[in-house]
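Open the model in a viewer and keep the sequence panel visible. The stops below give a selection to make and then what is there.

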Amino acid sequence: MKNYIKADEWNIIEEGFDPHLNKISESIFSLGNGRMGQRANFEETYTGETLPGNYVAGVYYPDKTRVGWWKNGYPEYFAKVLNAANWVGIEVKIDDEVLDLATADVSDFKRVLNMHAGILERTFTAKLKSGKIVKVKAIRFCSIADDEVGVISYSITPLNFGGKLTLMPFIDGDVKNQDSNYDEKFWDMVADEITGTEAYIKLRTKKTEFEVCTGSNIKLYKNNEKLNINPEAVRKEKFVGQTFSLDVKAKEEITLIKIVANLSSENYPKDELLKKTKSVIAKTTSKGFDVLLKEQTEAWATKWEESDIIIEGDVSAQQAIRFNIFQLFQTYTGKDDRLNIGPKGFTGEKYGGSTYWDTEAYCVPFYLATAPQEVSKNLLIYRYKQLGKAIENAAKLGFKDGAALYPMVTMNGEECHNEWEITFEEIHRNGAIAFAIYNYIRYTGDESYLSDFGLEVLIGIARFWKQRVNWSSDKQKYVMLGVTGPNEYENNVNNNWYTNLLATWCMRYATEAAEIVQNQSPEKSASLLKSLNFDAKEFADWADIIEKMYYPEDTETGIFLQQDGYLDKEQTLVKDLPASERPINQKWSWDRILRSPFIKQADVLQGLYFFEEDYDLETIRRNFDFYEPRTVHESSLSPCVHSILAAKLNDEARAYEFYLRTARLDLDDYNNDTEDGLHITSMAGTWMSVVEGFAGMRVRDGKLQFNPFLPTQWKSFSFTIGFRGVTLKVTITENGINIKNNNDVDVEVAIKNQFYKLKGNAEIEVNNAELV
Ligand code: BGC
């Protein structure tokens, strides 16, 4: 746990330079715009500890799988988001000495990430070995208004000398992934071009043959006056740049503006990439830094209008929730249905930038409420488009007749996770994908999604479950053997309660969805079912499984058993684990973890969270009280589910405690792993803890419901959400709840089960005394 980020409502601030914190800060101060992103590496040379990271969405490398013992069905590769060309670089030389914060004496160092405007600013003073002192101010952003564009303004002022200043802005494609399995470089050179103040480089990924063209335009100013200097071209292995040499006097400020474009063959024909990059550079250069900055500020302001959460009375909580929202929008903007949300977004290499069930289970609720409907719809369409691959994945494992198994980890629909207990067994992910379809329709009311896309996916998933269960003549029930639930600290278990429940729920929902589509359009339904070779008997098979599925339970304690035999384990509790032995995934052997009763993350409780309407409060309480004390929360996805359930159980203190575990997870480097990148997908869970937990927001029968409480640590909190064409601002204070309708359309909302009509542009206020 670190505590060096200064509290501020809109800014993330680091003061003073500590090289030991540099990799953590590189993650925290990351920038992105949904299409590209980068760690907060310095512009100038840095020979200290750093993890260089520049990423282009959708551009990946299939790194050949490396495992100890090959098993049939393993994926051939693990897809990796590539460390792409570094476009931020500017080498700074003062006379003949390179500016490098690892060797200079650094003072007044300050980094500020302005989340309201989406801008990173860094200032410092550096005394070089020669005794020369310079002051630097660097501003940069990845434009969210034009997501192919990045902008840097780098100002340097000699403070105690006059002399020669050499600036070499560059684009360096000779980069590596730290996590490369065979220590290979993933890029090949295609072409480059340097003309005056412009430089371009086109690189191609090995195997996947994606091409990315990165170009830059440089402008120089002295005390705000434009300079016309003819640079010298610099060309190295996969590297282009220019050298600008100038004589400077003490106190003269030299500013270099670097405008960058990054275009990929995902969006343009390969033979037009260079031309298109040039035209983006021409367009953006003619706009200039100030206009681009204004566009950036305005675009972010609009995002915040739709999504902000305001917390009064707790600056560090305010900063944290905005940081979570900010990073989610930096990662995914929903413009492109081929893109998704890696657990670390664009902030590091871990998890390969690939798609996990995190998207459906955690991120979809966030985007549903805070962004236009197309954004979450595009997340669903992403999986729709990968249905063919999911059917192939299932076929590789021996399933047939259109059964679909979505991958645990993927870039393009192919499975690329290669631990057998996850790849083959952690199949609950299939259910989360079906649940997201249900969740999307429940929230938006857009039932047409089913006939256009959803039903096909649901049928593929239901077919998989049907083939994955088997009849146990011993139990006279259907059972599901050899699975891993969300709790990855148990593998190859039989009858994971959550997975069995999801399986039957999927079959039931697929049946209902088929009925809805049949009612919407009998012709469309008939032609779709025909194209899927669907036999009406499949409904009957599903119904039989739904009726006769086995769910492990313990009648004595009244709890759902996480899996068969869970109670055979020695029932020790997390509170009895010495602090020195935690986290157990770092301190214990895997074998010991597997035999222990300790639970990595919500498992039975994940099911109770998804399907809470099917269980009474006492059942939820019993299970919560049993499982939470056994849960080590060693996945950042865990605390939010516990927070929401605790809030539902009116355990406000614990709801807040669980919320705290992820709210500042990265800002305070809680788990000592922020340097690998940020926990982007669990950030959506933090948002859920506030909106679904503290405000108790749910959708029931097409209407929003709130069941709020105010954490005692806060004076009030409010949030903005979009719901079926209306934007509501909900404020919870110690006196009660206020809901303001910012649109012309009337809407009905429920507060603690009492319905209220909320006219367009009106507000309602219900105080605590009225809330029974
Ligand atoms: C969790 C998974 C999650 C993955 C990526 C793992 O530690 O157990 O549930 O999908 O991280 O966030």
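**Helix 4**

Select residues 358–370, which form helix 4. With 13 residues at 1.5 Å a residue, the helix should span 18 Å, and the 17 Å between its end C-alpha atoms agrees with that. This is a predicted model, as is everything else on the tour.

Now centre on Val364, where helix 4 bends by about 40°. A proline, Pro365, follows within four residues of the bend. Switch on a surface and look at how the helix is covered: 13 of its 13 residues are buried.

**Helix 3 and Phe326**

Move to residues 315–331, helix 3, and pick Phe326 within it. Is Phe326 buried or exposed? The relative accessibility of Phe326 is 0%, and because buried means under 20%, Phe326 counts as buried. Next add Asp308 to the selection and draw a distance between the two C-alpha atoms: the separation is 9.3 Å, for residues 18 apart along the chain.

**The domains**

Colour residues 13–307 as domain 1 and residues 716–771 as domain 2, following the domain assignment of the chain. How far apart are the centres of domain 1 and domain 2? Taken over C-alpha atoms, the centres are separated by 44 Å.

**The second largest pocket**

Select Pro52, Asn86, Phe170, Asp172 and Val175. Among the 31 residues that line the second largest pocket, these five lie nearest its centre. The volume of this pocket is about 610 Å³.

To see which elements contribute, show helix 1 (22–28), strand 8 (90–94) and strand 14 (163–172), each of which gives two or more residues to the lining of this pocket. Strand 14 gives the most, with 3 residues. Coloured by class, the lining of the second largest pocket shows 10 nonpolar, 10 polar and 11 charged residues.

**The cavities**

Rolling a probe the size of a water molecule over the atoms shows where empty space is left. In this structure there are 6 cavities of 30 Å³ or more, and two of them are visited here.

For the largest cavity, select Arg35, Val56, Ala57, Glu148, Asn262, Leu263, Ser264, Glu266, Asn267, Asp336, Arg338 and Leu339, which line it. The space inside is about 80 Å³. Strand 21, residues 254–264, provides the largest share of this lining, 3 residues. By class, the lining of the largest cavity has 4 nonpolar, 3 polar and 5 charged residues.

For the second largest cavity, select Ala40, Asn41, Glu43, Arg111, Leu120, Glu121, Arg122, Ala138, Ile139 and Arg140. About 70 Å³ of space lies within the second largest cavity. Show strand 11 (119–127) and strand 12 (133–142) as ribbons; each supplies at least two residues of the lining of the second largest cavity. That lining divides into 4 nonpolar, 1 polar and 5 charged residues.

**Backbone geometry in loops**

Most residues other than glycine have a negative phi, and most peptide bonds are trans. The next three selections depart from one or the other of these patterns.

Go to Asn224, in the loop between strand 17 (211–222) and strand 18 (225–227). The phi of Asn224 is positive, near 75°. Asn224 is exposed, with a relative accessible area of 64%.

Which loop holds Asp701? Look between strand 27 (698–700) and strand 28 (703–706). The phi of Asp701 is also positive, near 50°. At a relative accessible area of 76%, Asp701 is exposed.

Then select Arg582 and Pro583 together and inspect the peptide bond that joins them: the bond is cis, with omega near -5°. Pro583 sits in the loop between strand 26 (559–560) and helix 13 (584–587).

**Asp564 and Asn494**

Stay in the loop between strand 26 and helix 13 and select Asp564. Asp564 is partly exposed, with a relative accessible area of 26%. As the last step, add Asn494. The C-alpha atoms of Asp564 and Asn494 lie 5.8 Å apart in space, although 70 residues separate the two in sequence.

Note on methods. Residues are numbered from 1 along each chain as its sequence is written. This is a predicted model: local features need pLDDT of at least 70, side-chain atom pairs count only at pLDDT 80 or more; totals for chains, interfaces and linings use all residues. Side-chain values use heavy atoms; hydrogens and water are left out. Domain bounds come from an automatic or database domain assignment. On a 1 Å grid over the protein atoms alone, a cavity is a set of points where a 1.4 Å probe fits but cannot get out, and a pocket is an open set with protein on both sides within 12 Å along at least five of seven lines; lining residues have an atom within 4 Å of a point. Grid points are joined across faces, edges and corners, and a volume is the space filled by probe spheres set on the points. Ala, Val, Leu, Ile, Met, Phe, Trp, Tyr, Cys and Pro count as nonpolar, Asp, Glu, Lys and Arg as charged, and the others, Gly among them, as polar. The expected span of a helix is 1.5 Å times one less than its number of residues. The bend at a residue is the angle between axes fitted to the seven residues ending there and the seven starting there. Buried means under 20% relative accessible area, exposed over 50%, partly exposed in between (1.4 Å probe, protein chains only).
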